[in-house]
Amino acid sequence: MRRIQTIVVGSGISGLTATLLLALNGHETMLIEKAPRIGGSISRFRRKGVPFDVGFHFTGGLEPGGIFRNLLDLLGLFDDIEPIFLPEERTTCFVVEDVNQAYYLPTGVARTVENLKDYFPGDAYAIEQYFHRMQEVCRKTPSLQIENASFAHPQLPEDFVSLQDVLCSLTENQTLRGLLCGYAMCYGVRPSEISFASHSRMCLNFHESLAYIRDGGDALVRAFSERFDRLGVDVRTNTWIERLEGFEDDRAGRLVLNTGEEVTAENCLFTIHPRNILDILPARRLRKAFINRVMDFEPSAGFFNVFATVGPETDSGPELPSITSLFPSSDVDALLDPAYQGLPGLVAIRSVEPPLPDGSRPVHLLELAFPEATAAWNDTRTGKRPPEYMKYREARTSAILDHVRRNFPAYADSLHVVDSASMLTFRDYLNSPDGSAYGIKQKMGQMNLVGRLPVRNLWAAGQSAILPGLIGAMMSAFIVGRAMIGKEAYENFLGGRGLARRAGS
Ligand SMILES: Cc1cc2nc3c(=O)[nH]c(=O)nc-3n(C[C@H](O)[C@H](O)[C@H](O)COP(=O)(O)OP(=O)(O)OC[C@H]3O[C@@H](n4cnc5c(N)ncnc54)[C@H](O)[C@@H]3O)c2cc1C
């Protein structure tokens, strides 16, 4: 039987991060991935030669001193990627259709505050307060400090008040509220269900700077793979744990893989969906309360995604920011409610990488979606769906195109669909239970699954552990990785890599 120090399950950004952190700290590590290739949500795919993204388009935190940049720097990867920063002025556009108005937002918190005050002069105090409170929350959050990388259960006053309540206490202006919480699309939870603190931890970064990475998540996957080769990490694709056996002292003695191989691991870190973890843990070793807690987690919102090309741009075309959101209603709480019956919210993300040979550019149209819309086909798999599903997909694609063309007539003739994906496509491709974009809903008052599990050599990290998005997923891997290697080794690791110098740069 193979003996290994640590097995990491799942090779999305959390699994890649945890694996490299452990390997750099001398742990003999095996990474197992159910899919045929590593990368999970961050990998790109190609259709008709056009590169498209699955679950990584843009990020905050890549500016000097930014959290994403520091995380990559610590792993020795930052120099392998090329950030493409969006212009600081007119960085993104939110079209609020119920008031028929386009709002252009910059990045940089001070600039954003001034810009919003220009749009809403009567709400200057509310705008200042909102951003000040976001900054205070992030400053006081240990899970966002790489130096400490520790997890503390929610404890700030802002952990116990909903985003919606804060917005309503600050302003009566529904449009301003919608703009302030517009990035809720980036974690997929209703403002009335998420705490103001979680929203702040997720979104402050987006207000500070926004960037793409050239070649998208593939650039990250390449950089990780290259380090794994150098460090001798055992990477297995098409591999998963069938069952756990040989329990002693509350530890799993043997991990039986689908390949038939049996492995003994000092530790095993799951970076997969909590529901998928539950499927692997033997129910007889778990308390009912634990099982209920995991079963009660709800899915975040997801997307119906149209993969298209747009252009070539003509001189008379609009200079739209590459990230443009269409909000049919400024009531974001309604847009993120699965029961909402109106036109869904949508974000259009146009590539800023060099154009394709014909001068066009890839564009992703991501429309908010919920599992209810495709529940009728839950027991079907990609490639084997019935004609009714195909009709649903076609109708939804054409409704999305209509919505986009109505708002941007200049693109009417130059938008060409290449492919589309429903939440079921995401579910099957990413081996997740429901195809939600961000794992579980990060609800106020909820205790997520993070750190040591009831079987003592098993651990949990990943996008559902602390916060979704690449930064949240990577931080979860750092926090659990630190617990696995020990505080002292972690501090030596940071010291050896000059974190203090870089963080202040
Ligand atoms: C459409 C969409 C757009 C998004 N856009 C952005 C964005 O622009 N910026 C951003 O920061 N975030 C974005 N996100 C969110 C972001 O992709 C995720 O938060 C993050 O990538 C999740 O990483 P992860 O490692 O936790 O999970 P995943 O990437 O889901 O990785 C989990 C991996 O585990 C594997 N797996 C599952 N079960 C098993 C098993 N039993 N054994 C072995 N392997 C298993 C899966 O195949 C998968 O590879 C987006 C998400 C979606 C869906």
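**Figure 1. Helices α3 and α4 in the predicted model.** In this predicted model, helices α3 and α4 are roughly antiparallel to each other, because their axes cross at roughly 160° and angles over 145 degrees count as roughly antiparallel. The helices span residues 109-119 (α3) and 124-139 (α4), and their axes come within 9 Å. The crossing of α3 past α4 is right-handed. On the α3 side, the contact is formed by Val109, Val113, Leu116 and Lys117, and on the α4 side by Ala124, Ile127, Glu128, Phe131 and Gln135. Classified by residue type, this contact of α3 with α4 contains 6 nonpolar, 1 polar and 2 charged residues.

**Figure 2. Helices α4 and α7.** The second view shows α4 with helix α7, which comprises residues 196-208. The axes of the two helices lie 9 Å apart, and the packing angle is about 90°; α4 and α7 are therefore roughly perpendicular to each other. Met134, Gln135, Val137 and Cys138 of α4 make the contact with Ala197, Ser200, Arg201 and Leu204 of α7. The residues in this contact of α4 with α7 comprise 5 nonpolar, 2 polar and 1 charged. Gln135 of α4 appears in the contact with α3 and also in the contact with α7.

**Figure 3. Helices α1 and α14.** The axes of α1 and α14 cross at roughly 35° and come within 8 Å. In this pair, α1 passes α14 in a right-handed sense. From α1, the residues Ile13, Ser14, Thr17, Ala18, Leu21 and Leu22 take part. Their partners in α14 are Leu470, Ala473, Met474, Ser476, Ala477, Phe478, Val480, Gly481, Met484 and Ile485. No charged residue belongs to the contact of α1 with α14, which consists of 12 nonpolar and 4 polar residues.

**Figure 4. The shell around the ligand.** The ligand is surrounded by 38 residues, of which Gly10, Gly12, Gly40, Ser41 and Gly55 come nearest. Elements that give two or more residues to this shell are α1 (13-24), β13 (302-310), α13 (423-430) and α14 (469-485). By class, the shell around the ligand holds 18 nonpolar, 18 polar and 2 charged residues. Domain 1 and domain 3 each supply at least three residues to the shell.

**Figure 5. Domain 1 and domain 3.** The domain assignment divides the chain into domain 1 (2-82 + 214-297 + 439-503), domain 2 (109-208) and domain 3 (301-437). Between the C-alpha centres of domain 1 and domain 3 the distance is 28 Å. Their contact involves 18 residues from domain 1 and 16 residues from domain 3. On the side of domain 1 that touches domain 3, the elements giving two or more residues are β4 (50-53) and α9 (274-280). Strand β4 gives the most to that side of domain 1, with 4 residues. The residues on the side of domain 1 that touches domain 3 are 5 nonpolar, 7 polar and 6 charged.

**Figure 6. Backbone geometry at Pro312 and Lys48.** Most residues other than glycine have a negative phi, and most peptide bonds are trans. The peptide bond from Gly311 to Pro312 is cis, its omega being near 5°. Pro312 belongs to the loop between β13 and β14 (323-327). Lys48 is not a glycine, yet its phi is positive, at about 50°. The loop between β3 (44-47) and β4 contains Lys48.

Conventions: Residues are numbered from 1 along each chain as its sequence is written. This is a predicted model: local features need pLDDT of at least 70, side-chain atom pairs count only at pLDDT 80 or more; totals for chains, interfaces and linings use all residues. Axes are lines fitted to C-alpha atoms, for helices over the stretch in contact, and angles run from 0 to 180 degrees between N-to-C directions. Angles under 35 degrees count as roughly parallel, over 145 as roughly antiparallel, 65 to 115 as roughly perpendicular and the rest as oblique. A crossing is left-handed if the near helix is turned anticlockwise from the far one by less than a right angle, and right-handed if clockwise. Two residues are in contact if their C-beta atoms, placed from the backbone, lie within 7 Å. Ala, Val, Leu, Ile, Met, Phe, Trp, Tyr, Cys and Pro count as nonpolar, Asp, Glu, Lys and Arg as charged, and the others, Gly among them, as polar. A residue is near a molecule or strand if its C-beta atom, placed from the backbone, lies within 6 Å of it. Domain bounds come from an automatic or database domain assignment.
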